[in-house]
Amino acid sequence: MAASSRAQVLRLYRALLRESQRFSGYNYRMYAIRRIRDAFRENKNIKDSEKIEELVNKAKANLEVIHRQV
């Protein structure tokens, strides 16, 4: 993975965690954090740049959903 895409993924990961911290309900907040961590751990060994781009776009869409719900 190129350094720029690695940095982009890390920024996205931190943004997702930061935004999910804003859920007022404890159960929603912890579920979101757990799902984010599990999804990133599950996909950490992917090397295909096309698949990485697809996952990044999906994560960006999820970030928008979290932002709207908070």
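Which residues does L17 touch, not counting residues up to four places away in sequence? In this predicted model, L17 touches I33, I36 and R37. L17 itself is found in helix α1. The residue is buried, because its relative accessible area is 15% and the cut-off for burial is under 20%. A distance along the same stretch of chain adds to this picture. L17 and R34 are 17 residues apart along the chain. Their C-alpha atoms are separated by 9.4 Å.

The helices were examined next. Helix α1 covers residues 3–20, α2 covers 26–42 and α3 covers 49–69. A UniProt record, an unreviewed entry, lists residues 7–65 as "domain: Complex 1 LYR protein". Over residues 7–65 the chain is 81% helix. Strand accounts for 0% of that range. The C-alpha atoms at the two ends of the range lie 22 Å apart.

V56 gives a view from another helix. This residue is found in α3. V56 is buried, since its relative accessible area is 5% and burial means under 20%. Setting aside residues up to four places away in sequence, V56 touches Q8, V9 and L12. A separation was also computed between V56 and H67. These two are 11 residues apart in sequence. In space they are 16 Å apart, C-alpha to C-alpha.

The loop between α2 and α3 holds I46. Residues within four places of I46 in sequence were left aside. Beyond them, I46 is in contact with K51, I52 and L55. A separation was computed from I46 to Q21 as well. The pair is 25 residues apart in sequence. From C-alpha to C-alpha, I46 and Q21 are 27 Å apart in space.

Open space in the model was then considered. The largest pocket contains about 880 Å³ of space. It is lined by 30 residues. Closest to the centre of the pocket are L16, I36, A39, F40 and A59. I36 is also one of the residues that L17 touches. Helices α1, α2 and α3 each supply at least two residues of the lining. The largest share comes from α2, with 10 residues. What classes of residue make up the lining of the largest pocket? Nonpolar residues number 20, polar residues 3 and charged residues 7.

Charged side chains were examined for pairing. Side chains of opposite charge can pair when their charged atoms come close. The structure holds 3 salt bridges. In one of them, the side chains of R22 and E19 meet, at 2.8 Å from N to O. E19 counts as buried, because its relative accessibility of 12% falls under the 20% cut-off.

Another salt bridge joins D38 and R41. Their closest N and O atoms are 3.9 Å apart. That distance meets the criterion for a salt bridge, because the limit is within 4 Å. Both residues lie in helix α2, 3 residues apart, so about one helical turn separates them. Are D38 and R41 buried or exposed? D38 counts as partly exposed, at 34% relative accessibility. R41 is exposed, because its relative accessible area is 54% and the exposed class begins over 50%.

A further salt bridge links K51 with E54. Here the closest N and O atoms are 3.8 Å apart. Both residues lie in helix α3. They are 3 residues apart, about one turn of the helix. K51 counts as partly exposed, with a relative accessibility of 32%. E54 counts as partly exposed too, at 49%. The value for E54 is not over 50%, so this residue does not count as exposed. K51 also appears among the contacts of I46, the residue in the loop between α2 and α3.

How values were computed:
Residues are numbered from 1 along each chain as its sequence is written. This is a predicted model: local features need pLDDT of at least 70, side-chain atom pairs count only at pLDDT 80 or more; totals for chains, interfaces and linings use all residues. Side-chain values use heavy atoms; hydrogens and water are left out. On a 1 Å grid over the protein atoms alone, a cavity is a set of points where a 1.4 Å probe fits but cannot get out, and a pocket is an open set with protein on both sides within 12 Å along at least five of seven lines; lining residues have an atom within 4 Å of a point. Grid points are joined across faces, edges and corners, and a volume is the space filled by probe spheres set on the points. Helices (H or I, at least four residues) and strands (E, at least two) are DSSP runs, numbered from the N terminus. Ala, Val, Leu, Ile, Met, Phe, Trp, Tyr, Cys and Pro count as nonpolar, Asp, Glu, Lys and Arg as charged, and the others, Gly among them, as polar. UniProt positions are given in the numbering used here, feature names are shortened, and annotations may be inferred rather than shown by experiment. Buried means under 20% relative accessible area, exposed over 50%, partly exposed in between (1.4 Å probe, protein chains only). Contact means heavy atoms within 4.5 Å.
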